[in-house]
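Biologist: Please take a close look at a single helix in this model and tell me how it sits among its neighbours. After that, carry on to whatever else can be said about the parts around it.

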Amino acid sequence: MKSILVALALFILVPVLTLAQEKKAAYDSLTDRVLSIQGMQEDLRYMRHVMEAVHPGLYRYTPKPVMDQRLDSFYTQLTGDLPYYDYYRLLSALVAGVRCAHTAITPGPDWGSHFTKNTSMFPFTVHGIHDKLYVTLNLTRDTTIKPGYEILTINGQPIKEIVQFIFNHSWSDGYNTTNKQQRLNSGSFGMLYYTLIARPDSFVVTCKDLSGNERKAKYPALTFQASMANLRQNPVNKEIIRLYVDRKRKDLDLDIKKDINTAVLNVRTFGGKAAGDIGSFLPKAMKELQKKKIGHLVIDLRSNPGGWDSAGVILFTYLINKPSRYYIRQHTITDTSQYLSLSDLSPEEIKNAANELIAEKDGTFSLKAAAAAGLSLQQPKLNHYTGKVYFLMNGASASTTSELLAAAHANQLGTFIGEEAGGSYEGGNGGSFIGLVLPHSKIKISIPLVYYDNMTRPPFKKGRGLMPDHDVPDNLDNILKGIDTQKQFAFDLIRRNP
C-alpha cells in the first residue's frame, strides 16, 4: 500500500536537534473552541456520505446493518454544542470502529505544525511490553524518574485504563492491538493522551523503579520545543541517547555475520528513497550472498511502516524459487464518484480509471493485473536467495510490510520471529486515499480507496496480523543494555540449526 503518515511520531528515538526554549508560552486555541450541534451534525453526515460512497472496507469487519446502526447512534450522542476535543474524541471512536489501519483521524490538515508549536504535553516517551508501560526518555530537567521505570498512574489514573481508552479510540486493521501499542512506542503517546484523554497543566506520575520501589513526582506539561531542549540536558537519558538516538541507520543495508554464516538484511521502509533504491540494492546484495555462500538470511522488517506495493513485491521475487502469488485481488467500489477529485489521484489517473478496472457482477470493480504491482503471478529472480530465511517482525510492521509478510508466510518462505504483525493477515485497505477535511470542525479523515485480498487462505484468525512462529516479546533489561532481543533469538536459532 502507498504509505500514508497518520501517526505523528514526534518523539521517536532518532537523531534530533536540541532546540531553544520558545520565547512565549504555547497556547492551543482549539481548547477554547466550541462546535455547534448543527455544524457537528453536518460534519458527521458529510463524513458518512463520503465513506459510504468510496470506502471499500467499511463493512469488512462489521455487517452493514450493524455499521448503519452504529453510525446512527453517533447522531443521538450529539445533544448540544461540544468543546472541540470532545467532538474529536467522539469521531475517533467512530473511525476506530471501522477497524482499518488506513482510515485515520487527525485534528486538522496542519495538525503537525499546530501540535509542535501550540500544545504542552506529557514529558516522557514510553515503551509498552505486554500490559505495562515503561519510560524510555525523561524530557524534563528532573532526574527522579529514569528510563526503565514502569509508569503506574498518571494524575491518579491507572496506566492500564489510559492505554485501553487510547486503544479504543485508535485505528488498526481488524482486531490487531500490536500496531496500536507500537504507535505508542514510536512516540505518539503524548499526542494521543493530549487529544483523547486530557490536556492538564501538570502531571503527577507514579512509577516503580528498577528495584521495585514506588516513586512519585509532579511535572509541568511541556511544549515540544522545551522537551527537545531538555532531552540532552537530562543526564538520565545519556545511555539511551547513545544506544538509540545517535545511532545512524540506513533504510537498506546488508550486514554479514561470518561466524554463523548469516547475513542480516535491514529493510526499514518501502517508501521514500528506499522504494526507488531497492531494485538496484537487492541484486548487489544477492550477488554478495552468493559469492560468500551465506546459508542464512535474517530479514529485519521490524518497525517498517510500509510504502509502495512494488517495493515489497520486488523483495518477494528475490525469495521465491517458483512462480508464486502475492495478492489475490484488489478492488474498489466506485470508478466515477465525485469524491475522487478529493483524492491523491491526478485528474489523468481518475480519467483513466475505467481502463484499469473490471466491472464485477456485485457492483465492485477489480483492478486489472497490469494496473497494480503484485496482482499477476510473480516470477522468481534468476539470482534469488536459496538459503534459509528468517523474518523479524513487530506490530509496526504494517501496510506494505504486513502484506509482504503474509505473502511470504503463505508461500512458506521462512521462519517468523517477533510479535504479531501490524496489518491484517488476509489484507487491508489502502492504495490511494482521500484526505477528507470536514467543513465545520476542519478535522481530517483519511479514507482508503482500494480493498486488498492477500494471497492467504483460511484457516486464520480473522482481523489479526500474521502470528510469528516464535513469539519473542521485547525485554526491558535488553532494551536498557542495547541488546536486540529478537535478533539474538534468531542468531541462537541459527547456531542450534546451522
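**Helix H1 and its surroundings**

Modeller: In this predicted model, helix H1 covers residues 37–54, which is 18 residues. From its first C-alpha to its last, H1 reaches 26 Å, close to the 26 Å expected at 1.5 Å a residue. The buried residues of H1 are Ile37, Gly39, Met40, Asp43, Leu44, Met47, Arg48, Val50, Met51 and Val54. Seen down the axis of H1, these buried residues fall within an arc of 165°, so they line one face of the helix. Buried here stands for under 20% relative accessible area.

Next comes the cover over that face. What covers the buried residues of H1 includes strand S1 (34–35), helix H2 (64–76) and strand S2 (82–83). Helix H3 and the strands S20 and S21 are also among the covering elements.

One residue of H2 can be followed in detail. Tyr75 is found in helix H2, and it touches Gln41, Leu44, Arg45 and Arg48, leaving aside residues up to four places away in sequence. Two of these contacts, Leu44 and Arg48, are listed among the buried residues of H1. Tyr75 and Ile37 are 38 residues apart along the chain, while their C-alpha atoms are separated by 9.8 Å. A separation in sequence can also go with another distance in space: Gly272 and Val236 are 36 residues apart in sequence and 34 Å apart, C-alpha to C-alpha. Gly272 is found in helix H9, residues 272–291, and is exposed, with a relative accessible area of 63%.

H3, part of the cover of H1, spans residues 84–96 and is followed by a loop that runs to strand S3 (104–106). Arg99 lies in this loop. Arg99 has a positive phi of about 60° although it is not a glycine, and at 29% relative accessibility it counts as partly exposed. Gln412 also has a positive phi, of about 55°, and is not a glycine either. Its place is the loop between helix H12 (400–410) and strand S19 (415–418). At 72% relative accessibility, Gln412 counts as exposed.

S20 and S21 help to cover H1, and they also take part in a pocket. Strand S20 (429–437) and strand S21 (444–454) each supply at least two residues of the lining of the second largest pocket. Helix H10 (309–317), strand S15 (327–332) and helix H11 (347–356) each do so as well. About 590 Å³ of space lies in this pocket. Its lining consists of 23 residues, of which Leu345, Leu367, Ala371, Ser432 and Val450 lie nearest the centre. By type, the lining divides into 12 nonpolar, six polar and five charged residues.

Beyond S21, the chain enters a loop that leads to strand S22 (470–471), and Pro459 is found in that loop. A cis peptide bond joins Pro458 and Pro459, with omega at about 5°.

Another helix can be described by its packing, as H1 was. The buried residues of helix H8 (residues 238–245) are Ile240, Ile241, Leu243, Tyr244 and Val245. They pack against strand S6 (132–138), helix H7 (224–231) and helix H13 (476–481).

Technical notes: Residues are numbered from 1 along each chain as its sequence is written. This is a predicted model: local features need pLDDT of at least 70, side-chain atom pairs count only at pLDDT 80 or more; totals for chains, interfaces and linings use all residues. Side-chain values use heavy atoms; hydrogens and water are left out. On a 1 Å grid over the protein atoms alone, a cavity is a set of points where a 1.4 Å probe fits but cannot get out, and a pocket is an open set with protein on both sides within 12 Å along at least five of seven lines; lining residues have an atom within 4 Å of a point. Grid points are joined across faces, edges and corners, and a volume is the space filled by probe spheres set on the points. Helices (H or I, at least four residues) and strands (E, at least two) are DSSP runs, numbered from the N terminus. Ala, Val, Leu, Ile, Met, Phe, Trp, Tyr, Cys and Pro count as nonpolar, Asp, Glu, Lys and Arg as charged, and the others, Gly among them, as polar. Buried means under 20% relative accessible area, exposed over 50%, partly exposed in between (1.4 Å probe, protein chains only). The expected span of a helix is 1.5 Å times one less than its number of residues. The arc is that of the directions from the helix axis to the C-beta atoms. Contact means heavy atoms within 4.5 Å.
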